[in-house]
2 protein chains.
Amino acid sequence: MFGGFFELKGYRKPVLVSSTDSVGTKIKIAIALDKHDTVGIDIVNHCINDIFTSGAEPLFFLDYIATANLVPERIESIVSGLAKACKAAGCALIGGETAELPGIYSGDDYDLVGCIVGVVGKDKIIMGKGIVAGDAIIGLPSNGLHTNGYSLARKVLGETREKLDVYSPEPGKTIGEALMEPHICYYQPLKPLLPYIKGLAHITGGGLVGNVPRSLPKGLVAQFNSRKWTVPSIFKLIKKQGRVSTAEMYQVFNMGIGMVVFCAPEKASRITRALPEAKIVGEVVKQTGEARVIIDNKGYRKDKIA
Amino acid sequence: MFGGFFELKGYRKPVLVSSTDSVGTKIKIAIALDKHDTVGIDIVNHCINDIFTSGAEPLFFLDYIATANLVPERIESIVSGLAKACKAAGCALIGGETAELPGIYSGDDYDLVGCIVGVVGKDKIIMGKGIVAGDAIIGLPSNGLHTNGYSLARKVLGETREKLDVYSPEPGKTIGEALMEPHICYYQPLKPLLPYIKGLAHITGGGLVGNVPRSLPKGLVAQFNSRKWTVPSIFKLIKKQGRVSTAEMYQVFNMGIGMVVFCAPEKASRITRALPEAKIVGEVVKQTGEARVIIDNKGYRKDKIA
């Protein structure tokens, strides 16, 4: 049986933009804490942010939940998160599939996969093509790992209930609470500012280094000044406890920036005035070496960055 | 990063139709046989058939493959099947995600999830509303289990390489070969016949009994005459070896019919002439009891059917 219908009305030269992804191993933290009402928020917001980098608005979302044994309360809890995030973004939760696959999944493990379809007018697609040297780079804060870097985080911080329940004065909450912070959706706050935006990069797996180059025209470099934003304390904890190098931290985690916005310098204040949490965190410069992303940070040599 | 763009051109009042699903535990057979080039065909054709029941033509497909350890050759093999089936149906394989999740999957296990988006003109949607008593029911043959009923099949026939390699004279191939037959796509053969079709039912999990009622208006019953089609020998083998009742067989498996077509009796020959493999297998009648699907079969009492 198919998921659902969606009537496409009122779009001139509509281009459909789609994405599929899963929550990844953040789900292991949810399972350890037996807390399933936010993983749905994670995957919906992750997918919305992904397609929004093209300027697309979300139309509809489909979910796939697979597990060894269907526990109705758990499925309800997962779906409540999906529904909440879809509603907040005006995205239709159009259908989904719940599969009981005891041969593939074991114990309480499950996988949560999302697929989103959005739309953007052909002449409104944001591709970063207009970005030039001198453009401003604005960072929108993340509230933690979002949905990436959990393999390293779990390795360093542990994934037992006991370890996740430890209160940490630095984030001011338990490790588990800090790791479960739901992925922020940047679509609603940034949508009205699209006319000022030249490019967007959703900071997921690979961090700034891995995600920013895709949005940048050839020959340009995104130069970040790390003193301009605050790195959430959960990252400091992972770095300290796991003795992880600064370079690796920036290559695995978003380090406090969930979405990067490129705009003309004279438009930057339109964005930072509308969104006080957004900060100018860097500048686009001409490429001279191999690096496409430079993060100015003590202990993090420029030439080390991909 | 999002999956991809799809420009929607040339549709009047387009309605997007979408579906998501996985191959289910058929994947366990693929893993046991280390044969991964057809599971992609399975999921693509399954999804295409699902949305085609509304009259929709496939536009684009996204895949999600998750496993404990990414083996490049295996991923290539899976994707080759996806690409082959998408190409055959004129559907764009627009993007996907490959996730390495050792905490969720173990050993060689993997899950393969598909998401499809298709389109149908608002005034061309097939909903079965026009079906009346006296209409013909045409069955299009399946070539085996397609992607449903594998939990029971594996329980009865086994899932070790040893058991799957047993040659069976009845299907004339090994058990494993019979179980791996790829899901048939009914979109291409039926598309030109859409003007004659009132309703479609894709026979997946739940068999005829579970899938046909969704396409039938209230107060009507689909009455099948099981002498009119051939039940593939793999089902006979499962029935015999597992001592499975006829009723259960019809409630779990497609039993040889992969797609059910409803049409006016005078149009039936247009379909059976165009598709010699298609057979008139029943008739729509007025509902008198509780059953919405009646399968006329010895050993299968009418009143036992849901």
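**Notebook: strands, a helix and cysteines**

I looked up Asn225(B) and found that this residue stands opposite Asp296(B) in β13(B). The model I am reading is a predicted one.

I then turned to the strands concerned. Strand β10 of chain B covers residues 220-225 and is joined to β13(B) by 4 bridges, the two running parallel. Both belong to an open sheet of 6 strands in chain B, and I noted the order as β9-β11-β6-β12-β10-β13, with mixed pairing. The edge strands are β9 (199-202) and β13 (293-296) of chain B, each of which pairs on one side only. On average, neighbouring strands of this sheet are turned by 25° against each other, direction ignored.

Next I asked which strands helix α2 of chain B lies across. This helix, residues 39-52, lies across β9 and β11 (257-263) of chain B, and runs at about 150° to β9(B).

In chain A, I examined helix α9, residues 233-242, whose buried residues are Ser233(A), Ile234(A), Phe235(A), Leu237(A) and Ile238(A). I recorded that the buried residues of α9(A) pack against α4 (150-157), β7 (167-168), α6 (175-180) and α10 (246-252) of chain A. Just after α9(A), Arg243(A) takes a positive phi of about 50°.

Finally, I searched for disulfides and found 0 over all chains. Cys86(B) is in no disulfide, and its nearest cysteine sulfur, that of Cys91(B), is 4.3 Å away. I noted that Cys86(B) counts as buried because its relative accessibility is 1%. Cys185(B) is likewise in no disulfide; the nearest cysteine sulfur, that of Cys91(B), is 9.2 Å away. With 12% relative accessibility, Cys185(B) counts as buried.

Conventions. Residues are numbered from 1 along each chain as its sequence is written. Chains are lettered from A and ligands numbered from 1 in the order in which they are written. This is a predicted model: local features need pLDDT of at least 70, side-chain atom pairs count only at pLDDT 80 or more; totals for chains, interfaces and linings use all residues. Side-chain values use heavy atoms; hydrogens and water are left out. Buried means under 20% relative accessible area, exposed over 50%, partly exposed in between (1.4 Å probe, protein chains only). Contact means heavy atoms within 4.5 Å. Two strands pair if DSSP finds at least two bridges between them. Axes are lines fitted to C-alpha atoms, for helices over the stretch in contact, and angles run from 0 to 180 degrees between N-to-C directions. A disulfide is a pair of cysteine sulfur atoms within 2.5 Å.
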